[in-house]
Each structure stands twice: as C-alpha cells, then as structure tokens.
Amino acid sequence: MATKSLKARQDELAIGNKQLEILNGGPFKEGELPYFKDKIDQIGRFPLRPNKLEILQINVGYMCNQVCEHCHVDAGPDRKEIMTKETMALCLEVIKNTGAHTLDLTGGAPEMNPNFRWFVEEASKLGIKDFIVRSNLTIIRANKKYYDLPQFFKKHNVHVISSMPHYTRGKTDKQRGDGVFDKSIQALKDLNAVGYGMENSPLKLDLVYNPSGAFLPGNQEAMERDFKKALKEDFDISFHQLFAITNLPIARFLDYLIASENYEDYMYSLVEAYNPVAVANVMCTNTISVSWDGWLYDCDFNQMLGLKVASTVKHIKEYNEVILNNREIIISQHCYGCTAGAGSSCQGNVI
Amino acid sequence: MADTYYNPADLRKFGKISEWSEELGTKFFDYYGKVFEEGALSAREKSLIALAVSHVVKCPYCIDAYTKDGLEKGITKEEMMEAVHVGAAIEGGATLVHGVQMMNKYNKLSM
C-alpha cells in the first residue's frame, strides 16, 4: 500500500487534465462506449443544469491521517492544502445567507485543519438544518487531542458520516491500511458511548461504504442489513443509515484501476449500470462544492479534476446563488459513477 | 477469430445472443433476471449458489461474473471458498457414490 499521495510521488495522475485525457480516451474515443454527454442527451438532460441548491459542501483541506488506496481526493499526511481562517470566514458569510439546508464538511480529514473547531462552533450558530462532518473515524483515535471529538460533535449537534469499507478486518485494512479496522471500531464505540447512532437518538451517525476494489456497490438496503447485523453481533455497535457510494475513476482509484488492468472493465460496468432515472437526482444538481482555497465546483469530483464551475461566479468571495444556479454543470465520463444502478452521491443512493 | 476458445471480453457480449433469436433470448434473460431477484432466498444466497454451480459446470464466464457479483454483495472470500467446496463436495460425492455400483458389480461377478 502506498504511503504517499500521487502528488508527493509526482505521479502524472495527480494532474486533473491528465485524468480527463484518460476519461475522454480509450473505449469512449474508440466509439465502443458512449460519452456521458450523448447518453444524457438521449433523455433531454444535456446540458445538465442545477435544481434548487440544498447542500453546501466545503472541503477544508486535503490533509489526512490515512492514505486510502481508493481516495479520489489523493489525500494524505503529505498534502498541505488547508483552508485558511480567512477563507473560512468567507464561507461563514455564505452559510449565513444560503438557501441550502445542509452544510457538509469534508477533506482530507477535516478535523486536521487547525481552525476546524472554530469553524464548526461558528457555523453551528447559523441555523443550518443538517450540519454534516465527514469523519474517517481513525482520526478520533489518532492522537489524544482528538479523543474528545465525539463530545465536541455532540455539543454542536453535528451529523457524523463516517467511512467504513467493510465489517471485517481484512477488507477494511486492505483498502485503508493496517490497524484502520480496530481504530474505526473503537471510534464507533466512542461515538455510541455519547449517544451517536443509537436507536431513536437525534445524534445522527451514518456510515459510508465504498467497494474495496474494481466493482460496484451492491444493494444499499441489503448492505445496511448485513453491516448492522455484523457490527451489532460482533462489536455491539449501532449506527443509523449506510450509504453505498460508487468509487469514481479519479486520482488514486483511477491509478489503481489502471495499474490492476481493471480500468476498461470498470468503465464498461459503469456504463452498463447507467440508470437514466438517477440522472434527475445526481448530487451536482443540488450541491455546490467549495475547495480549500475558495474555488467553486459542481461536486467534489470535479474539484479534484480541477473543473471549476462554468459561471461568472467562480470563487466564494463573489458567491451568488442566483447566478450560480443558472450555470451548466460540467460533465465527463466519471459522471457515469453517479448514475450507476440506484445512483450514487455523498448521501448514498439517489433513487 | 480469437486464438483461444474463451475470451474474457465476450462476457460483456452475452446479451447479443438475443440478436439471432430475439424471442428466445428475451425470454431467457427475463427468466434469468427473475431467478436472481430477492425471493424466499436472498439475492446474497442465490449469488453463492450461482458461484458454486459456476465451478461445477466449469464456466469461466460464470466464475468471473459471480465472483464480482459476490464482491458487490459484500460476500467475503471465506464464504466464496466455502461455496466452491460445497460444489466440489457434491461433485466428488457424485463420483464416489458410483463406487457403490462398482462394488455391486464386482461382488456380482466374483465368486
């Protein structure tokens, strides 16, 4: 397992344009598979446009304590891109006035941003209905200074969404690194102990499942059933919902697909699983993604590919929801990842 | 023509068999799809049965397809290997149970 990001390894796949070249080439260029644009054009959805904004997703930095093999952010301890307090202040202004009902903090490990707690404290005062922090779980056990995170989340009524690739040690550690499973289990117990994830508890704890390899996630409900049963029986752990998220062929997952000679088959699987019904609800139609340095994107994936919104408003300092809502969403072949099967988003299935 | 009898890329083309006999192909795939839906058996249990049978009928396409299907359904490699052994045990048993026929014949022919 790699311990450095693609960027630190100076791998060409750290560059958005190089990735786009691959996504536009191969079986698509050769005409074996249809471009995403043509596919959604068939159902009158091209150009793809936003619906009402519901979710403001803010990426507070690419630094992470883990170097997961499938990470589309290419996050890791060596990433130095961290949102400054000044940019956070600009975000707070936007949160104050937004029509979105959900604020979604992501990373990297958002908790590693030195101003993370200040930002959460300030943002939680602004009347957002659903305030999500995407926590990788192991961060809670990574260092003593993070041990009180469950209490901190509780104090600010944060909705915790955590990644848990599988309910068995082997699969989890293979994707995320040795020891990740045990630490994640401990962190889940810590969260349960303060009330997170317990039946009827208002402290929401949801888990995210991504496949640990070149295959698509199965039925979300069936997976949730299996996860709940195994985590309860083996570790007495409770959680609310499981979100099954498809891995998109971006950054380290793209690197893995190519290195393991699975890229072409994976793209065939995504195209084969294309579900036109999912197109209406893809997350870029209700989300704006903000990067660590304040640029605006249609989604976190486009952020990693360096595809800024196609709007006159491109940065948080000039944020304007009305103008942004008139944009056309930028698409490429990675978008098949969000329309496969029951659809995939940061909130799981979309249909 | 391919220089081997089995080409992994042919699995993707399975659906094309309907092109030369649309009615039968469509009926088969409708039936196939229905068989694997959740029923009295879960889709997960059906996937494991399919994996075991794939090995017994020694279909490389089916093995690829149901290994991937098992991964998608969160089935562990231990479960998959046990399913293969179930198939192998039945197949081995099917050979060995004929040993009784051999014994019967031997005894009949022997003084």
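# Chain A fold, core and contact with chain B

In this predicted model, buried residues make up 53% of the 351 residues in chain A.

User: How does the radius of gyration of chain A stand against the globule rule, and what is its value?
Analyst: Chain A holds 15 helices and 8 strands. For 351 residues the globule rule gives 20 Å. The computed value is close to that, so chain A is as compact as a globular protein of that length. The radius of gyration is 19 Å.

User: What share of the contacts in chain A with a separation of 6 or more joins residues 24 or more positions apart?
Analyst: A contact here needs C-beta atoms within 7 Å. Among pairs with a separation of 6 or more, those 24 or more positions apart account for 75%.

User: Which strands are the edge strands of the sheet in chain A?
Analyst: The 8 strands run in the order β6-β5-β4-β3-β2-β1-β7-β8, forming an open sheet with mixed pairing. An edge strand pairs on one side only. In chain A these are β6 (242-244) and β8 (296-297).

User: Which residue of β8(A) is the bridge partner of Val290(A)?
Analyst: Strand β7 of chain A covers residues 287-290. It pairs with β8(A) in the antiparallel sense, over 2 bridges. The partner of Val290(A) is Leu296(A).

User: What angle does the direction of helix α10 of chain A make with that of β6(A)?
Analyst: Helix α10 spans residues 220-235 of chain A and packs on the sheet. It touches β5 (205-209) and β6 of chain A. Its direction and that of β6(A) make about 135°.

User: Which helix gives the most to the largest nonpolar core?
Analyst: Nonpolar side chains tend to be buried together in soluble globular proteins. The largest core here has 105 residues, and Val160(A), Tyr209(A), Ile250(A) and Ala251(A) touch the most other members. With 6 residues, the top helical contribution comes from α9 (180-193) of chain A.

User: Which residues does Val160(A) touch, not counting those up to four places away in sequence?
Analyst: Val160(A) is one of the core residues that touch the most other members. Leaving out residues up to four places away, its contacts are Val133(A), Ser135(A), Phe153(A), Leu191(A), Tyr196(A), Lys204(A) and Leu205(A).

User: Which element gives the largest share of the side of chain B that touches chain A?
Analyst: The contact takes 13 residues from chain A and 9 residues from chain B. On the chain B side, 5 are charged, 2 polar and 2 nonpolar. Elements giving two or more residues are α3 (43-56) and α4 (60-72) of chain B. The largest share, 3 residues, comes from α4(B).

Definitions and conventions:
Residues numbered from 1 in each chain as written. Chains lettered and ligands numbered in written order. Predicted model: local features only at pLDDT ≥ 70, side-chain atom pairs only at ≥ 80, totals over all residues. Helix = DSSP H or I, 4+ residues; strand = E, 2+ residues; numbered from the N terminus. Rg over C-alpha atoms; globule rule 2.2 N^0.38 Å. Buried ≥ 20, exposed ≤ 12 C-beta atoms within 10 Å, placed from the backbone. Contact = placed C-beta atoms within 7 Å. Pairing = 2+ DSSP bridges. Axes fitted to C-alpha atoms, helices over the stretch in contact; angles between N-to-C directions. Core = buried A, V, L, I, M, F, W, Y, C linked by C-beta atoms within 7 Å. Nonpolar A, V, L, I, M, F, W, Y, C, P; charged D, E, K, R; others polar.
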